[in-house]
Amino acid sequence: MANLRRSVWALAVMAAVVNLANIQEAMAMSPPDTAYDPEDGFPPAGVYVGSETCTECHDGYVEQLKQDKHGQTADTRTPMAADGCESCHGPGEKHLANVMEDKTGGVISFEGANTASRELENRMCLACHQGGALIHWQSGTHAAEGLACTGCHHMHRPSPVLDRATQAESCLSCHSYIRADIYRSSTHPIREGNVICTDCHNAHGSAGPASLEQLSINENCYLCHAEKRGPFLWEHYPVSEDCTLCHRVHGSNHGALLTKMPPLLCQQCHQDVRTQGRQHVSRFYDFDFSDTRRRSRFVLGEGCMNCHSQVHGSNHPSGAALMR
Ligand code: HEC
Ligand code: HEC
Ligand code: HEC
Ligand code: HEC
Ligand code: HEC
Ligand code: HEC
Ligand code: HEC
Ligand code: HEC
Ligand code: HEC
Ligand code: HEC
């Protein structure tokens with residue numbers, strides 16, 4: 001960030017110097033003039049020199065592209081079928097002039113010392129990638145956090161996020177607290193690669209909560225746990241409201257991804273049922289070990305689900321208490 005600010009500042013100073021007319025001197029200053037100011041209009045102005053010119057000096061960069069969708073010249077929508085290298089790197093004339101004078105820059109760079117602003121980088125990609133999977137990009141969290149497309153995607157080498165085996169690792173490089181979750185004792189099989197981040201999330205943002213592919217958390221769960229959708233004759237209200245009232249989706253140290261151990265889990269909401277003289281075990285610890293009639297199943301380690309086994313809802317005619 002500091003670097004970026006410094007170069008923006010430097011560019012501002014250069015612009016002022018250019019205004020003062022001595023263009024030759026300004027060009028000789030470092031850092032070199034790399035950027036196209038997005039304010040100057042889009043796409044960036046300049047003369048396109050063609051990919052053949054670029055590959056004379058940068059032949060290595062064509063290789064990966066040949067295996068990438070972007071390199072398929074038979075597909076007329078691809079950059080290599082359009083303006084070639086310059087579809088992404090911008091018109092190259094200025095860069096050629098610079099290299100001839102033993103300077104770098106003058107081209108849109110995504111890595112290294114002369115990296116362009118993220119806004120400009122992303123605009124180069126968004127020029128072709130609007131809508132579809134990216135329809136919520138502009139309003140998404142990753143855009144708001146200033147992520148570059150190239151934070152996750154590469155063009156001249158494989159992108160780990162597009163490979164099921166390596167995706168989680170790239171996401172976890174930033175989301176370290178999710179990494180902690182998936183190493184708990186009960187988890188979705190994310191480490192095994194059976195379920196990956198983008199089975200549930202859209203990395204480009206979405207209309208749902210937490211950038212989920214679905215419009216609600218429950219819709220997300222029903223995708224793979226359809227039997228929990230019901231409809232049930234006897235519904236358990238928290239289940240149809242929000243599965244995460246009881247489950248921690250990325251991982252938990254309690255069985256079945258539970259937020260708390262039963263009976264504590266259930267007692268959060270059912271502490272005081274059947275207190276009118278009748279015996280029931282849902283009360284909190286009463287520390288009364290002597291009175292066997294009132295003994296707490298909690299103390300004896302007997303869980304609520306020993307009796308209320310249909311915790312997600314029941315279709316049995318007499319299943320009102322979720323016991324069958
Ligand atoms: C005459 C040789 C030559 C040609 C032609 C050429 N480049 Fe370069 N390019 C260089 C050199 C030298 C560098 C600086 C050292 C390096 O990064 O390899 C460079 C750097 C770059 C960079 C990194 C940004 C920077 O300034 O360090 C990009 C991106 C780039 N070139 C793209 C292109 C594209 C796209 C074309 C075609 C429009 C092109 N180059 C044509 C020689 C050339
Ligand atoms: C000139 C248009 C164009 C530009 C510019 C462009 N792309 Fe693409 N991109 C395409 C096309 C066409 C495809 C293939 C789509 C398909 O097969 O459905 C594609 C595919 C992709 C894919 C899917 C790759 C895969 O293997 O499934 C990703 C990711 C991607 N582009 C990211 C980017 C990024 C990041 C940038 C900017 C650095 C960018 N694109 C710039 C046209 C473009
Ligand atoms: C946080 C990481 C991340 C960022 C940032 C990101 N992407 Fe992606 N992108 C992904 C992942 C992961 C996939 C694979 C999605 C899948 O398989 O469901 C993907 C897939 C794509 C695809 C293929 C979509 C399809 O339907 O096949 C395109 C195109 C694409 N991204 C373009 C972009 C562009 C353009 C940007 C910047 C505006 C960008 N991405 C930013 C992670 C990211
Ligand atoms: C689809 C967009 C796209 C196309 C087309 C493309 N590049 Fe790139 N280029 C990138 C991105 C993004 C990077 C950053 C590294 C990466 O993702 O692999 C990059 C990196 C580079 C670099 C390293 C310097 C830097 O800072 O960016 C050079 C040099 C380069 N490309 C040259 C070329 C040449 C030559 C061609 C044409 C044969 C070409 N590129 C075509 C997007 C593109
Ligand atoms: C370069 C760092 C970086 C990478 C890589 C990254 N993220 Fe993020 N992500 C962030 C930041 C920063 C936030 C916002 C703060 C937070 O929630 O931690 C965020 C937020 C999120 C959110 C919450 C979104 C919301 O709307 O509340 C999800 C979900 C997410 N990322 C998923 C992913 C996935 C999936 C991947 C891999 C494809 C990924 N991230 C890769 C930085 C990153
Ligand atoms: C089985 C579906 C599923 C998978 C797989 C999944 N998530 Fe999530 N994620 C969710 C749900 C549901 C939420 C929202 C509820 C919550 O916050 O617990 C969420 C929330 C998040 C959040 C924002 C909330 C927070 O805790 O800060 C981030 C960041 C996130 N996920 C990242 C990831 C990453 C990275 C991966 C892959 C390693 C991943 N998720 C895999 C379902 C999933
Ligand atoms: C992409 C598919 C998918 C989605 C979406 C999904 N799950 Fe799962 N879930 C799985 C798989 C696969 C398993 C592991 C099944 C197994 O090991 O037999 C699992 C297991 C579980 C388990 C049992 C874990 C254990 O240790 O016994 C719970 C609880 C669970 N999921 C809850 C949820 C909740 C809550 C959501 C929504 C936030 C959700 N799941 C969304 C695929 C998914
Ligand atoms: C009131 C708390 C609660 C809510 C809300 C809840 N669950 Fe559960 N869930 C449990 C408990 C307790 C277990 C463990 C059951 C056992 O050990 O017998 C469990 C187990 C599971 C399991 C693994 C065992 C099985 O039955 O397949 C899955 C999958 C699951 N829940 C999915 C969901 C989904 C999806 C939702 C939302 C639609 C949800 N749960 C909402 C309490 C809840
Ligand atoms: C987030 C709060 C919440 C949690 C946690 C919760 N419940 Fe419930 N439960 C409710 C609500 C609300 C009702 C509906 C109450 C009503 O109809 O008066 C209900 C109803 C029930 C009923 C049927 C009661 C009746 O009146 O017929 C049983 C049995 C039950 N819950 C057992 C459990 C068990 C066992 C657990 C732990 C696995 C649990 N609940 C966790 C909120 C919760
Ligand atoms: C030994 C079996 C057993 C255990 C263990 C048990 N219950 Fe019950 N529970 C019952 C019976 C029997 C009923 C009455 C069913 C009926 O009226 O049809 C009941 C009723 C309920 C009701 C409905 C209340 C009402 O007023 O009708 C709730 C809520 C409840 N139990 C919650 C819990 C919770 C929470 C736990 C764990 C702390 C728990 N139960 C443990 C047997 C048990």
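Eighteen residues surround ligand 7, and those that come nearest are Asp 199, Cys 221, Cys 224, Cys 243 and His 247. Two or more residues of this shell come from each of helix H11 (197-200) and helix H12 (217-224). H12 gives the largest share, five residues. By class, the shell around ligand 7 consists of eleven nonpolar residues, six polar residues and one charged residue. At least three of the residues around ligand 7 belong to domain 2 (132-211), and at least three to domain 3 (231-324). These descriptions refer to a predicted model.

The mean pLDDT of the protein chain is 83, and 78% of the residues reach 70 or more. Over residues 8-32 the pLDDT stays under 50, and for this stretch the model has 16 contacts beyond four places in sequence.

Ligand 9 also has a shell of 18 residues, of which Pro 238, Cys 266, Cys 269, Cys 304 and His 308 come nearest. Helix H13 (237-241) and helix H14 (264-267) each contribute at least two residues to the shell around ligand 9. This shell holds 14 nonpolar and four polar residues, and no charged residues.

Around ligand 2 there are 18 residues, and the closest are Arg 77, Pro 79, Cys 125, Cys 128 and Cys 149. At least two residues of the shell around ligand 2 are supplied by H5 and at least two by H7. Ten residues of this shell are nonpolar, five are polar and three are charged. Domain 1 (32-126) and domain 2 (132-211) each provide at least three residues of the shell around ligand 2.

Helix H7 spans residues 118-126, and its buried residues are Leu 120, Glu 121, Asn 122, Met 124 and Cys 125. The buried residues of H7 pack against helix H5 (85-89). Cys 125 is thus named twice, as a buried residue of H7 and among the closest residues to ligand 2.

The largest nonpolar core has eight residues: Ile 217, Cys 221, Val 239, Cys 243, Cys 246, Leu 265, Cys 266 and Cys 304. H12 and H14 are the elements that give two or more residues to this core. A second, separate core has seven residues, including Ala 116, Met 124, Cys 125 and Cys 149. In the largest core, Ile 217 touches Pro 209, Leu 212, Asp 242, Cys 243 and Thr 244, when residues up to four places away in sequence are not counted. Some core residues also appear in the ligand shells. Cys 221 and Cys 243 belong to the largest core and are among the residues that come nearest to ligand 7. Likewise, Cys 266 and Cys 304 belong to that core and are among the residues that come nearest to ligand 9. In the second core, Cys 125 and Cys 149 are among the closest residues to ligand 2.

Two peptide bonds are cis. One joins Gly 230 and Pro 231, with omega about 5°, and Pro 231 lies in the loop between H12 and H13. Another runs from Pro 262 to Pro 263, with omega near 5°, and Pro 263 lies in the loop between H13 and H14.

Positive phi values occur in residues that are not glycine. Ala 210 has a phi of about 50°, a positive value, although it is not a glycine. This residue is found in the loop between H11 and H12. Ala 210 counts as exposed because it has 12 C-beta neighbours inside 10 Å, and the cut-off for an exposed residue is 12 or fewer. Ala 256 likewise has a positive phi, near 50°, and is a residue other than glycine. The loop between H13 and H14 contains Ala 256. Since there are 10 C-beta neighbours inside 10 Å of Ala 256, this residue counts as exposed.

Gly 255 is placed in the loop between H13 and H14. With 10 C-beta neighbours inside 10 Å, Gly 255 counts as exposed. Gly 255 and Ser 185 are 70 residues apart in sequence, and their C-alpha atoms are 7.6 Å apart in space.

How values were computed:
Residues numbered from 1 in each chain as written. Chains lettered and ligands numbered in written order. Predicted model: local features only at pLDDT ≥ 70, side-chain atom pairs only at ≥ 80, totals over all residues. Near = placed C-beta within 6 Å. Helix = DSSP H or I, 4+ residues; strand = E, 2+ residues; numbered from the N terminus. Nonpolar A, V, L, I, M, F, W, Y, C, P; charged D, E, K, R; others polar. Domains from an automatic or database assignment. Buried ≥ 20, exposed ≤ 12 C-beta atoms within 10 Å, placed from the backbone. Contact = placed C-beta atoms within 7 Å. Core = buried A, V, L, I, M, F, W, Y, C linked by C-beta atoms within 7 Å. pLDDT = per-residue confidence, 0-100.
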